[in-house]
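Got your viewer open? Here is a walk through the model, one selection at a time.

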Amino acid sequence: MILNAAVRHGKTASQPWLVWLHGFLGSQQEWCQVAAEFSDYHHLFIDLPGHGGSAAIRVGSFQETCALLDATLAHYAIPHYWLIGYSLGGRIAMHYACGEPRPGLCGLVVEGSHPGLTDQQERQARIASDRRWAAQFREAPLEQVLNAWYQQPVFATLSAAAREELVALRRSNNPQALADMLDVTSLGRQADLRAQLKQLPHPFIYFCGEQDSKFRGIAATLNVPCHLITAAGHNAHREAPLAFAQCLSSLLPQPD
């Protein structure tokens, strides 16, 4: 089994592929506007389990998700690659990078992603919170739940129009699949990856919206440079795609 994905070929094969992982509620299309600025690179856009074309795929753990990612990369014969992930996609990317040795992984880029909770009580509280959200996704009208989801403090910088746009975009999702993925990949079930992230053998780059105070604080615990996207909140690559792409371009290896 592999994850649903789309390939976009670039002008040169001299550099590693860029492999894009979206956040919770998203799909492979989330990254297209940013990726359009990298026409020289080959790209793989992945739908995570429970999302987009992978909505029918269920997993039971982060490890199973990473195994599917391995299978997908092998299916597309991608030998060397950078992983780029936002929010949930970034957490999966960090877990993947900190797992078993993966010689093809050349670098890790995460945006607005949590490396893991350190306190056991916080873990249990987060699992309980995500279970409540999962129950809402299973039982309540999806549009109602989405409206509530985007009222959370982390999305406080969104305008009313931006919230409406996101709700309209996300309401085609399968709520049962979303609920399952939310429960399985709860931050409370994720290991604290900070120590392992410090020992990665390849570059680790962290992006954050300038207005995303929560994740700016989290970035400070990682002991890596935090690249701020001006005038953007939690979903910086969506709010300021060109600024995000320009910053990322300055950090990636340049095609020959």
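**A first stop, then the whole chain**

Select alanine 231 to begin: it sits in the loop between β7 (226-229) and α10 (236-239). Keep in mind that what you are looking at is a predicted model. Alanine 231 is not a glycine, yet its phi is positive, at about 60 degrees. Most residues other than glycine have a negative phi.

Now clear the selection and take in the whole chain. How many helices and strands does the chain have? There are 11 helices and 7 strands. Along the principal axes, the C-alpha atoms fill a box of roughly 50 × 40 × 35 Å. For 256 residues, a compact globule would have a radius of gyration near 18 Å, and the 17 Å of this chain agrees with that.

Switch on a surface if your viewer offers one. The accessible surface of the chain is about 11,000 Å², and carbon and sulfur atoms hold 50% of that. Inside, buried residues account for 54% of the 256 residues. If you draw contacts, look at the pairs with a separation of 6 or more: 73% of those contacts join residues 24 or more positions apart. Colouring by charge gives you 19 positive and 22 negative charges, and the mean positions of the two sets are 4 Å apart.

**The annotated stretch**

Next, select residues 16-216. An unreviewed UniProt entry annotates this range as "domain: AB hydrolase-1". Over these residues the chain is 42% helix and 14% strand. Put a distance label on the two end C-alpha atoms of the range and you should read 28 Å.

**Helix α7 and what covers it**

Select residues 175-184, which form helix α7. Is helix α7 largely enclosed or left open by the rest of the structure? It is largely enclosed, because 7 of its 10 residues are buried. To see them, pick Ala177, Leu178, Ala179, Met181, Leu182, Asp183 and Val184. Then add the cover over these buried residues, which includes α2 (62-75), α3 (88-97), α4 and α5 (142-149).

**Two stops on helix α4**

Helix α4 runs over residues 120-139, and arginine 138 is in it. Show the side chain of arginine 138: leaving out residues up to four places away in sequence, it touches Gln176, Ala179 and Asp180. One of these, Ala179, is also among the buried residues of α7. Arginine 138 is itself partly exposed, with a relative accessible area of 33%. For a longer line across the model, join the C-alpha atoms of arginine 138 and glycine 60, which are 17 Å apart in space and 78 residues apart in sequence.

Stay on α4 and go to glutamine 121. Is glutamine 121 buried or exposed? Its relative accessibility is 67%, so it counts as exposed. Now draw a line from glutamine 121 to glycine 188: their C-alpha atoms are separated by 9.3 Å, although they are 67 residues apart along the chain.

**Alanine 77**

Move on to the loop between α2 and β4 (81-86), where you will find alanine 77. Phi is positive here too, near 50 degrees, in a residue other than glycine. At 59% relative accessibility, alanine 77 counts as exposed.

**Last stop: the loop between β2 and α1**

Finish with two residues that share a loop. Start with glutamate 30, in the loop between β2 (17-21) and α1 (32-35). With a relative accessibility of 13%, glutamate 30 counts as buried. Which residues is glutamate 30 in contact with, leaving aside neighbours within four places in sequence? They are His22, Leu169, Arg170, His237 and Arg238. From glutamate 30 to isoleucine 46, the C-alpha atoms are separated by 10.0 Å, with the two residues 16 apart along the chain.

Then select serine 27, found in the loop between β2 and α1. Serine 27 is buried as well, at a relative accessible area of 14%. It touches His22 and Asp47, not counting residues up to four places away in sequence, and His22 is also in contact with glutamate 30. For your final distance, try serine 27 to isoleucine 46: 7.4 Å, C-alpha to C-alpha, with the two residues 19 apart in sequence.

Notes
Residues numbered from 1 in each chain as written. Predicted model: local features only at pLDDT ≥ 70, side-chain atom pairs only at ≥ 80, totals over all residues. Heavy atoms only, no water. Helix = DSSP H or I, 4+ residues; strand = E, 2+ residues; numbered from the N terminus. Buried < 20%, exposed > 50% of the residue type's maximum accessible area, 1.4 Å probe, protein only. Contact = heavy atoms within 4.5 Å. Rg over C-alpha atoms; globule rule 2.2 N^0.38 Å. Areas by Shrake-Rupley, 256 points an atom, 1.4 Å probe, with all protein chains shown as cover. Lys, Arg positive; Asp, Glu negative; His and termini not counted. Charge placed at Lys NZ, Arg CZ, Asp CG, Glu CD. UniProt positions renumbered as here; feature names shortened; annotations may be inferred.
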